[in-house]
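Please examine the chain shown below, following its sheet, its charged pairs and its aromatic rings in turn. The report that follows takes up these topics under short headings.

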Amino acid sequence: MALLEQMPALVLLERFPVPVLAVAEGGAILFANGAFAAMLGRNAEDIQRMQFADICTTVPTDGPVLSVVHEHADMIVELVDREGSTVRAQMSRSALLRGDDPVALATFQDLTERLWVEEL
């Protein structure tokens, strides 16, 4: 327990084997772990210079980003990879649950291949 209490949150998030993304209210991407970057064929630093609307094509951009992320929790969203191809992934609910949190922190499950096979 003491080890976990001393470990910075970003170190833990980076070590998660599942894609993790943190988005600010204005849509800026604050954090993307290596698994998220790999899913989109990019590096994490490049993703962190982007806006959520740059990589997520199915989420409307006309409302507050955090509200939109919360409304699309547990739904399949379409993300754009480095080549411009669509990655279909299920986005989790934000791990930050308070309504006044200035950040949404979600995980993603890449369903592209499975959904492609099911559509055949």
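## Salt bridges

Asp-46 and Arg-49 are joined through their side chains in a salt bridge, with an N to O distance of 2.3 Å. This is a predicted model, and the separation is therefore a computed value within the 4 Å allowed between a side-chain nitrogen of Arg and a carboxyl oxygen of Asp. Of the two partners, Asp-46 is partly exposed at 33% relative accessibility, whereas Arg-49 is exposed, its relative accessible area being 63%. The count for the structure comes to three salt bridges.

Another of these bridges pairs Asp-74 with Arg-93, whose closest N and O atoms are 3.2 Å apart. Because Asp-74 belongs to the loop between helix 6 and strand 3 and Arg-93 to the loop between strand 4 and strand 5, this pair ties together parts of the chain that are 19 residues apart in sequence. Arg-93 is exposed, with a relative accessible area of 55%, while Asp-74, at 39%, counts as partly exposed. A salt bridge is also found between the side chains of Arg-82 and Glu-83, at 3.4 Å from N to O, and both of these residues are exposed.

## The five-stranded sheet

Five strands form an open sheet in the order 2-1-5-4-3, and their pairing is antiparallel. Its edges are occupied by strand 2 and by strand 3 (75–80), each of which pairs on one side only. On average, and with direction ignored, neighbouring strands of the sheet are turned by 35° against each other.

Within this arrangement, strand 4 (residues 86–91) and strand 5 run antiparallel and are joined by three bridges; Gln-90 has Gln-109 of strand 5 as its bridge partner. Three bridges likewise connect strand 1 (residues 20–24) with strand 2 (residues 29–32), again in the antiparallel sense, and here Val-23 stands opposite Ile-29 of strand 2.

## The hairpin of strands 1 and 2

Four residues lie between the strands of the hairpin made by strand 1 and strand 2, and within this hairpin Gly-27 takes a positive phi near 105°. Gly-26 lies in the loop between strand 1 and strand 2, where Gly-26 is exposed with a relative accessible area of 66%. Once the neighbours within four places in sequence are left aside, Gly-26 is in contact with Gln-51 and Val-65. Gly-26 can also be set against Pro-102: the two are 76 residues apart in sequence, and their C-alpha atoms are 9.2 Å apart in space.

What feature does UniProt place at residues 20–40? The unreviewed entry gives "transmembrane region" for this stretch, an annotation that may be inferred rather than shown by experiment. In the predicted model, the chain over residues 20–40 is 29% helix and 43% strand, and the C-alpha atoms at its ends are 12 Å apart.

## The loop between helix 6 and strand 3

His-72 is found in the loop between helix 6 (65–71) and strand 3. Is His-72 buried or exposed? With a relative accessible area of 15%, His-72 is buried, since buried means under 20%. Apart from neighbours within four places in sequence, the residues in contact with His-72 are Thr-58, Val-59, Pro-60 and Met-91.

Asp-74 also lies in the loop between helix 6 and strand 3, and although Asp-74 is not a glycine, its phi is positive, at about 65°. In contrast to the buried His-72, Asp-74 is partly exposed, with a relative accessible area of 39%.

## The aromatic pair

How many aromatic pairs does a search of the whole structure find? The search finds one. It is formed by Phe-36 and Phe-108, whose ring centres are 5.2 Å apart and whose planes stand at 65°, so the pair is edge-to-face. The two rings link distant parts of the chain, since Phe-36 belongs to helix 3 (residues 34–39) and Phe-108 to strand 5 (residues 103–110), 72 residues apart.

Both partners of this pair are buried: Phe-36 has a relative accessible area of 0%, and Phe-108 counts as buried at 3% relative accessibility.

Methods:
Residues are numbered from 1 along each chain as its sequence is written. This is a predicted model: local features need pLDDT of at least 70, side-chain atom pairs count only at pLDDT 80 or more; totals for chains, interfaces and linings use all residues. Side-chain values use heavy atoms; hydrogens and water are left out. Two strands pair if DSSP finds at least two bridges between them. Helices (H or I, at least four residues) and strands (E, at least two) are DSSP runs, numbered from the N terminus. Rings of Phe, Tyr and Trp (its six-membered ring) pair if their centres lie within 6.5 Å; planes under 30 degrees apart count as stacked, over 60 as edge-to-face and the rest as tilted. Buried means under 20% relative accessible area, exposed over 50%, partly exposed in between (1.4 Å probe, protein chains only). Axes are lines fitted to C-alpha atoms, for helices over the stretch in contact, and angles run from 0 to 180 degrees between N-to-C directions. Contact means heavy atoms within 4.5 Å.
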